[in-house]
Amino acid sequence: MNFKSITLIVFIIALLGCEVSFNTNARSGSIKEDYIGEPLSERVIEYAAALQGANMFLDSIITKDYSIAYGLFDKGLTDNMSEEEFKSFITKDDAVLGEIKGYLKDQWAFNNVTHEGKRYIQLTKIVKFDEYTMNYIFTFPYGSDYKKAAGFTFTEKKALL
């Protein structure tokens, strides 16, 4: 084998390696700012249903229609938490946080996570309140239709996504 053949093989392997990735960590925004909306990149377009569901969730929380928000979770989560318990969980910090002041429908951050040997996709949405900015984190089973979340949590935003 000559040098050109070896170079060509290395180049092809490198190209194939770029296309096959299990690392989905991607977000909207720039290097310095993550609270920017933009269309889903080609790399994460398959998770569009997750983004749509998260936006529907936030809209239902804003309008205080908690039954819609509750319906966006899969049976594994809702079997362990009644709709009333869910509402208590979602509203537990309302006295401190107040009302949601805004979020960007086309702001997103997707990350791969593994828990107990199972793969998941997490979507983080930045949600603004009067004095706090929070990360709302939705967890979806990897390879699902991404329409029903298997988990949800929220935490104060302290750094770039």
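Through how many residues does a hairpin join β4 to β5? In the predicted model examined here, the hairpin that joins β4 to β5 runs through three residues. The two strands it connects, β4 (residues 118–129) and β5, are paired in the antiparallel sense, with nine bridges between them, and within this pairing L123 stands opposite F138 of β5. On its way along the sequence the chain then continues to β6, and β5 and β6 are likewise paired in the antiparallel sense, here over six bridges; one of the bridge partnerships places M134 against E156 in β6. Of the nine residues of β5, seven are buried, so this strand is largely enclosed by the rest of the structure.

These strands belong to a protein chain that contains six helices and six strands, arranged from the N terminus in the order α-β-α-α-α-α-α-β-β-β-β-β. Of the 161 residues in the chain, 34% are buried, and the accessible surface amounts to about 9900 Å², with 57% of it belonging to carbon and sulfur atoms. Among the contacts with a separation of 6 or more, 53% are made by residues 24 or more positions apart.

Helix α2, which spans residues 48–62 and comprises 15 residues, reaches 21 Å from its first C-alpha to its last, a value close to the 21 Å expected at 1.5 Å a residue. The buried residues of α2 are A49, A50, L51, G53, A54, N55, F57, L58, S60 and I61, a list in which some members are separated by three or four positions, as in the case of A50 and A54 or of A54 and F57. In an α-helix there are 3.6 residues a turn, so residues three or four places apart point the same way. Just after α2, K64 adopts a positive phi of about 60°.

Aromatic side chains provide a further set of links, with 17 aromatic pairs in the structure. One of these, formed by Y136 and F154, is stacked, with a centre-to-centre distance of 5.3 Å and an angle of 25° between the planes. This pair links distant parts of the chain, since Y136 lies in strand β5 (residues 133–141) and F154 in strand β6 (residues 151–156), 18 residues apart, and both Y136 and F154 are buried. The rings of F138 and F152, by comparison, have centres 5.1 Å apart and planes at 45°, so that this pair is tilted. Because F138 is located in strand β5 and F152 in strand β6, the pair ties together parts that are 14 residues apart in sequence; F138 and F152 are both buried. The four residues just described, Y136, F138, F152 and F154, also take part in a cluster linked by ring pairs, whose other members are F57, Y70, F73, F86 and F89. The cluster thereby includes F57, which is listed among the buried residues of α2, together with F138, the residue that L123 stands opposite in β5.

Aromatic rings are also approached by charged side chains at two sites described here. R119 lies over the face of Y142, at a distance of 3.8 Å from the ring centre, whereas the charged end of K128 sits over the ring of Y35, 4.4 Å from the centre of that ring.

Terms used
Residues numbered from 1 in each chain as written. Predicted model: local features only at pLDDT ≥ 70, side-chain atom pairs only at ≥ 80, totals over all residues. Heavy atoms only, no water. Buried < 20%, exposed > 50% of the residue type's maximum accessible area, 1.4 Å probe, protein only. Contact = heavy atoms within 4.5 Å. Areas by Shrake-Rupley, 256 points an atom, 1.4 Å probe, with all protein chains shown as cover. Expected span 1.5 Å × (residues − 1). Phe/Tyr/Trp six-rings, centres within 6.5 Å; stacked < 30°, edge-to-face > 60°. Lys NZ or Arg CZ within 6 Å of the ring centre and 35° of its normal. Pairing = 2+ DSSP bridges.
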